[in-house]
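Subject: Structure for you to look at

Hello,

Here is the structure I promised to pass on. Please open it beside this email and follow along.

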Amino acid sequence: MNPRVIVDRLVVFVLVIAGWQLCSSYFGTIWFSSPWRVLDRFIDELRSGDLFFQAAYTLKAALYGSLLGGIPAALLPFALRRRPVAGAILDPYFVGGYGVPKLALAPLFILWFGVDLEPKVALVASIVSFLVFFSTTAGVNAVNSQYVNVARVFGATERDIARHIVWPGAIPYAFAGFRIAAPYAIGAAVVGELISSNRGLGFLIQSGATDFDTTLVFVSLTTLTMIVIVVNLLVGRCERWLLRWRPAQRGLTSKVIGA
Amino acid sequence: MSSAVPMLEVKGLAKRFPPRSGQAESPWILADLSFHVADQEFLTMVGPSGAGKSTLLNIIAQVDGANEGKIFFRGELIETANGSALHPGWNCQFGYVTQDDNLLPWRTMIDNVTLPLKLQGRFDAAARKRVDELLHATHLTGFERYYPHELSGGMRKRASLIRTLAYDPPIILMDEPFSAVDAQTRTQLQQDLLRLWNLGRKTIVFVTHDIAEAIALGDRVLVLSKSPAKIVADHRIDIKRPRDLGNLYKLEGFGDIFESVRRDLQ
């Protein structure tokens, strides 16, 4: 990377920390914890292992929810490709389902699934599934019909076409869906914990705020930010490996997310 | 040259696409189009842009249906208008080299070339050897593991060509396969094609809008009219092979044929 960019990034980082410190001095550390306090507390919480425990709980909800919601949602468009009538019938329901504000479902999920991991997984799944579904559907629809025609001529069956043409062509789109969904997944897990939980980073934020312990709130927020960055990097790596056949270009979502 | 039964025979083919909304009837693209190709014959068809050349090949390859007419392969009726389901490629008897190379971007060059063989369950030792020979003949050896975007336009064309040659269909349809490359590469590709054709003689139906290309490559040139397309002339090309494609205008008789084809096209 350009050294100039690295230097400028550091400058921005210092400015952000300075702004933070300024806010903290102005409003008082009760309302706005300072960077030093947060760093100090962060190391303490890491040492005690508590931060790992809480972060792991949140991550578990986000991961299970993403898999539970994302995998069927990535496969469904392939099933619907050969069944255009079913697709046409279901389409308005998918659009409607996408429009429902999922976070508003949290109380219902808590009612149904209790206060442990299950309602958070359900909440995450409900958000991730729609994002991945619509993204993958776009990929399945974008399949190059010329590839399909040529493949039919040289003897490809419908199964071969799905496997060798539609599937590889749609993978970038499915991945874009997962990448966009990743921060939402973690966000949904946290919101689930904010509403009702005795574990997780969301719970930590909630209890910190209740105790006027803004340092704890900031520690949790910082941890969440770092988790989202790392998850994005991992998904990006995975994507780049799977899509190594593509000309060197920035991914579909990297422009948005910047990983 | 021609045996009793032609390799491929097209009779009275007509085609039009469904009318657009607000249109009572759509125009005919092909009308009463008939021709035949003998075994091992290199037939070229030349016609103005928009004459329905690609449509014609799509119908022969059975990726599209006709409204009227019949197609015979070795005397056997394989397609009737508005009949039963299409059989693209007629069970791998027809190869189709399209205008775009249509290599799958996520497969390496060699994986693209061998895909038809693999899907047909015929990728055995003999096929492997054949693929190696074709790669060698088209100077693609050493580029097997490259992805299509890493190859030059000419290389992609050659890869697309040998993908079809590798599974050895008796008839190969070619739709302006060399139209999107520069003139020099194009001559090279034409030479390669003629050399490959000479190695294992196939029946080829080669469609182009380039008169010189049609004459340089073909045993016979059919001239298509403007849409609705039908055959307006049939020229036998007696220029002896091998032909030096770098010096077309020095080939004996080239100028005369060129002139008469050009007149037919008007």
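My notes follow, chain by chain, with the contact between the chains at the end.

One caution before the details: this is a predicted model. Local features were kept only at pLDDT of at least 70.

**Chain A**

Chain A has 11 helices and zero strands. Along the sequence, the pattern is accordingly α-α-α-α-α-α-α-α-α-α-α. The C-alpha atoms fill a box of roughly 70 × 55 × 30 Å along the principal axes. Of the 259 residues in chain A, 37% are buried. Take the contacts in chain A between residues at least 6 apart in sequence: 74% of them join residues at least 24 apart.

Three helices of chain A deserve a look.

Start with helix H1 of chain A, residues 3-27. This helix has 25 residues and reaches 36 Å from its first C-alpha to its last. That is close to the 36 Å expected at 1.5 Å a residue. H1(A) is hardly covered, with one buried residue among its 25. A:Gly28 follows H1(A) and has a positive phi, near 95 degrees.

Helix H2 of chain A covers residues 35-48. Does its length agree or disagree with the rise expected of a helix? It agrees, because 14 residues at 1.5 Å a residue should span 20 Å, and the end C-alpha atoms are 20 Å apart. A glycine comes next here too: A:Gly49 follows H2(A), with a positive phi near 85 degrees.

Helix H9 of chain A, residues 200-210, is mostly covered. Eight of its 11 residues are buried. Among them are A:Leu201, A:Phe203, A:Leu204 and A:Ile205. A:Gly200, A:Gly202, A:Gln206 and A:Gly208 are buried as well. What covers the buried residues of H9(A)? The cover includes helix H3 (50-81), helix H8 (158-195) and helix H10 (214-242) of chain A. After H9(A) comes A:Phe212, whose phi is positive, near 55 degrees.

**Chain B: the open sheet**

Now to chain B. Four of its strands form an open sheet in the order E2-E1-E4-E5, with antiparallel pairing. The edges are strand E2 (30-37) and strand E5 (76-80) of chain B, each pairing on one side only. From one strand to the next, the twist averages 20 degrees.

Strand E1 of chain B, residues 8-15, pairs with E2(B) in the antiparallel sense over five bridges. To find the register, start at B:Leu8: its bridge partner in E2(B) is B:Val37. Helix H1 of chain B, residues 53-60, packs on this sheet. H1(B) touches E1, E2 and strand E4 (68-73) of chain B. The direction of H1(B) makes about 120 degrees with that of E1(B).

**Chain B: the parallel pairings**

Other strands of chain B pair in the parallel sense. Strand E3 (residues 42-46) of chain B pairs this way with E8(B) over five bridges. There, B:Thr44 has B:Phe206 as its bridge partner. E7(B) is also joined to E8(B) by five bridges, running parallel. In that pair, B:Ile172 is matched with B:Ile204. E6(B) and strand E7 (residues 171-175) of chain B run parallel over four bridges. Here B:Tyr96 is bridged to B:Leu173.

Is strand E8 of chain B, residues 203-208, mostly covered or mostly open? Mostly covered: six of its six residues are buried. Both faces of E8(B) are covered. B:Thr203, B:Val205 and B:Val207 lie on one side, and B:Ile204, B:Phe206 and B:Thr208 on the other.

E6(B) likewise has buried residues pointing both ways. B:Phe94 and B:Tyr96 point one way, B:Gly95 and B:Val97 the other.

The connection from E7(B) to E8(B) runs through helix H5 (residues 183-199) of chain B. Together the three make a right-handed β-α-β unit.

**Where the chains meet**

The contact takes 20 residues from chain B and 16 residues from chain A. On the chain B side, the elements that give two or more residues are strand E6 (94-97) and helix H2 (109-119) of chain B. H2(B) gives the largest share, three residues. By type, the chain B side divides into 14 nonpolar, five polar and one charged.

Best wishes

Note on methods. Residues numbered from 1 in each chain as written. Chains lettered and ligands numbered in written order. Predicted model: local features only at pLDDT ≥ 70, side-chain atom pairs only at ≥ 80, totals over all residues. Contact = placed C-beta atoms within 7 Å. Nonpolar A, V, L, I, M, F, W, Y, C, P; charged D, E, K, R; others polar. Expected span 1.5 Å × (residues − 1). Pairing = 2+ DSSP bridges. Axes fitted to C-alpha atoms, helices over the stretch in contact; angles between N-to-C directions. Buried ≥ 20, exposed ≤ 12 C-beta atoms within 10 Å, placed from the backbone. Right-handed = clockwise from strand over helix to strand, strands pointing away.
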